[in-house]
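Please look at the chain shown here before reading on. The report then goes through it part by part.

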Amino acid sequence: MVEEIKNNDLGRAASSPFAVIDFNATWCGPCQMLHPVFEECAKAFPDKDFFVCFIDQNLKLAEQFGIMSVPSVVILKNGKPVAVNTGYVPFESLSDFIRSN
C-alpha cells in the first residue's frame with residue numbers, strides 16, 4: 001500500500017527503517033506513467049514502506065530533498081536519504097533500484 005504524505009509531514013516515512021518516496025505532480029505525464037509501476041513495487045516489497053509526495057502540496061519537502069525534476073523516487077533508511085532515481089523507469093528497473101539499496 002502507498003501512503004500519501006500531506007502537510008509536509010515526513011513523520012511516518014522518517015521513522016521507517018526503509019521508506020520509498022515517490023515525489024511527483026498530478027500535471028506530470030511521466031509521473032502518471034510511474035504511478036502503477038510504483039504501486040506494483042509496493043506490492044512486491046511488503047517489508048518496505050511506500051509513500052507518494054505531491055510536490056505542489058508539499059513544497060517544503062520538495063525543497064528539503066532538492067527535488068528539481070519529477071518523478072523522483074527517494075529511498076530513506078532510518079530517516080536519511082540514501083539514493084535517488086529521477087524519471088520514469090519500468091518495473092524491473094525500479095525494483096532493481098529498491099533491491100540494490
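The sections below go from the whole chain to single residues.

## Basis of the report

This is a predicted model, in which local features need pLDDT of at least 70 and side-chain atom pairs count only at pLDDT 80 or more, while totals for chains, interfaces and linings use all residues. Residues are numbered from 1 along each chain as its sequence is written, and side-chain values use heavy atoms, with hydrogens and water left out.

## The whole chain

The chain has four helices and five strands. Helices (H or I, at least four residues) and strands (E, at least two) are DSSP runs, numbered from the N terminus. Along the sequence their order is β-α-β-α-β-α-β-β-α. The chain is as compact as a globular protein of its length, because its radius of gyration is 12 Å, close to the 13 Å that the globule rule gives for 101 residues. The radius is taken over C-alpha atoms, and the rule is 2.2 Å times the number of residues to the power 0.38. Along the principal axes, the C-alpha atoms fill a box of roughly 30 × 30 × 20 Å.

Of the 101 residues, 47% count as buried. Buried means under 20% relative accessible area, exposed means over 50%, and partly exposed lies in between (1.4 Å probe, protein chains only). A contact means heavy atoms within 4.5 Å. Among contacts between residues at least 6 apart in sequence, 72% join residues at least 24 apart.

## Surface and charges

About 5400 Å² of the chain is exposed, and carbon and sulfur atoms supply 53% of this area. Accessible areas come from the Shrake-Rupley method with a 1.4 Å probe; for residues, only the protein chains shown count as cover.

The chain carries 8 positive and 12 negative charges, and the mean positions of the two groups are 7 Å apart. Lys and Arg count as positive and Asp and Glu as negative, while His and the chain ends are not counted. Each charge is placed at NZ of Lys, CZ of Arg, CG of Asp or CD of Glu.

## Aromatic pairs

A pair of aromatic rings is described by the distance of the centres and the angle of the planes. Rings of Phe, Tyr and Trp (its six-membered ring) pair if their centres lie within 6.5 Å; planes under 30 degrees apart count as stacked, over 60 as edge-to-face and the rest as tilted. By this rule there are two aromatic pairs. One of them is the tilted pair of Phe23 and Phe65, with 5.4 Å from centre to centre and 45 degrees between the planes. Phe23 is in strand E2 (residues 18–24) and Phe65 is in the loop between helix H3 (59–64) and strand E4 (72–77), so the pair ties together parts that are 42 residues apart in sequence. Phe23 counts as buried because its relative accessibility is 0%. Phe65 also counts as buried, at 17%.

Phe38 and Phe50 form an edge-to-face pair, with 5.3 Å from centre to centre and 75 degrees between the planes. This pair links distant parts of the chain: Phe38 belongs to helix H2 and Phe50 to strand E3 (residues 49–54), 12 residues apart. The relative accessible area of Phe38 is 1%, so Phe38 is buried. Phe50 is buried too, with 3%.

## Cys41 and Asn24

Cys41 is part of helix H2 (residues 29–44). With a relative accessibility of 0%, Cys41 counts as buried. Leaving out residues up to four places away in sequence, Cys41 touches Phe50, Phe91, Leu94, Ser95 and Ile98. Cys41 and Phe91 are 50 residues apart along the chain, yet their C-alpha atoms are separated by 7.1 Å.

Is Asn24, in strand E2, buried or exposed? Asn24 counts as buried, because its relative accessibility is 3%. Apart from neighbours within four places in sequence, Asn24 is in contact with Cys31, Val52, Cys53, Phe54, Ile55 and Val70.

## Backbone details

Val70 is followed by a cis peptide bond to Pro71, with omega near 0 degrees. Pro71 sits in the loop between H3 and E4.

Asn7 is not a glycine, but has a positive phi of about 55 degrees. Its place is the loop between strand E1 (2–4) and helix H1 (11–15), and Asn7 counts as exposed at 69% relative accessibility. Asn78, not a glycine either, has a positive phi of about 50 degrees. Asn78 lies in the loop between E4 and strand E5 (80–86), and is exposed, with a relative accessible area of 58%.
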